[in-house]
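Work through these short exercises with the model in view. Try each task before reading its solution.

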Amino acid sequence: MGMLYCKNKKELLERLEQLNITYVNESFSPKNNLANVGENETHDPYHFGTSLIDIIKTIPNQEIGTHTFSHYYCLEEGQHIEQFEADLKEVVSLNENTSSLVFPRNQTNMEYLNMSKKYGITAFRGNEDSWIYAPYTSKTNSKTKRLLRLADAYVNLTGHHTYSVANIQTDPLINIKSSRFLRPFSKRLKVVEELRLRRIKNGLTKAAKSNELYHLWWHPHNFGKNIEENLQLLEEILKHVDLLREKYNFQSMHMRDIVDVMNINS
């Protein structure tokens, strides 16, 4: 997220002055959530992240995409495409040559894709092909959908959502769809934790055997609680990927890698 790049609160305020997002629900605006933001990363490492970004840049095979500058909600009431464009301009000003976009809260707005393309975005993470994962707003995210998405994390209700490179949508942007959100560990659901791991392993195995893609993602802050349990699950997943690499030549790739493969094959 672009705001993490700000070196201090002064820079953050100056950049946010360029944005005037007219959400009907004003609580969504980053300007209304600044009271708890500290002066810089030293005093507030939760809201500033330049040192972490610098570390990521030193690690091979990493991609810095964008989650928009201001965690922009592309489907919420009140905002409009000109405001989204202003947010994209702030992303471009970070000089990261960013080409991959993940819509906050998975609010994929198809009307905004052409605008994203104008500012150098070539790919985005789309939603899974199921009505329970279709883009939703704060008002349309029903309890039924939330419960079904939770159940689907443990039991195969909607499929594994793997897909081949040949079947990726390319117009107006390359749609590298989600396969699975790695939910954080829950003490309430500890007794079915093995089902969650098995669900992901089965999807990865299907993708490896079929020479398909499996797009696994999560929020970094999801690991901020129950750190040991979350890292243990991730380690089990990575061990399984390692086995699949040895057996099926299964590869770990980021979104720009997929775009590069598609360009080679085109």
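**Exercise 1: a surface residue**

Ile59 sits in the loop between helix 2 (50-58) and helix 3 (81-92); helices are DSSP runs of H or I, at least four residues, numbered from the N terminus. The model is predicted: local features need pLDDT of at least 70, side-chain atom pairs count only at pLDDT 80 or more, and totals for chains, interfaces and linings use all residues. Residues are numbered from 1 along each chain as its sequence is written, and side-chain values use heavy atoms, with hydrogens and water left out.

Task: classify the exposure of Ile59.

Solution. Ile59 has 44% relative accessibility, so Ile59 counts as partly exposed. Buried means under 20% relative accessible area, exposed over 50%, and partly exposed lies in between (1.4 Å probe, protein chains only).

**Exercise 2: the largest cavity**

Task: find the lining of the largest cavity and sort its residues by class.

Solution. Step one: the search of the whole structure finds one cavity of 30 Å³ or more. On a 1 Å grid over the protein atoms alone, a cavity is a set of points where a 1.4 Å probe fits but cannot get out; lining residues have an atom within 4 Å of a point. Step two: Leu16, Leu19, Ile21, Ser29, Pro30 and Lys31 line the largest cavity. Step three: four of these are nonpolar, one is polar and one is charged. Asp, Glu, Lys and Arg count as charged; Ala, Val, Leu, Ile, Met, Phe, Trp, Tyr, Cys and Pro as nonpolar; the others, Gly among them, as polar. Step four: the largest cavity holds about 30 Å³ of space, a volume being the space filled by probe spheres set on the points, with grid points joined across faces, edges and corners.

Technical notes
1 Å grid on protein atoms, 1.4 Å probe; cavity = no way out; pocket = protein on both sides within 12 Å on 5 of 7 lines; lining within 4 Å. Helix = DSSP H or I, 4+ residues; strand = E, 2+ residues; numbered from the N terminus.
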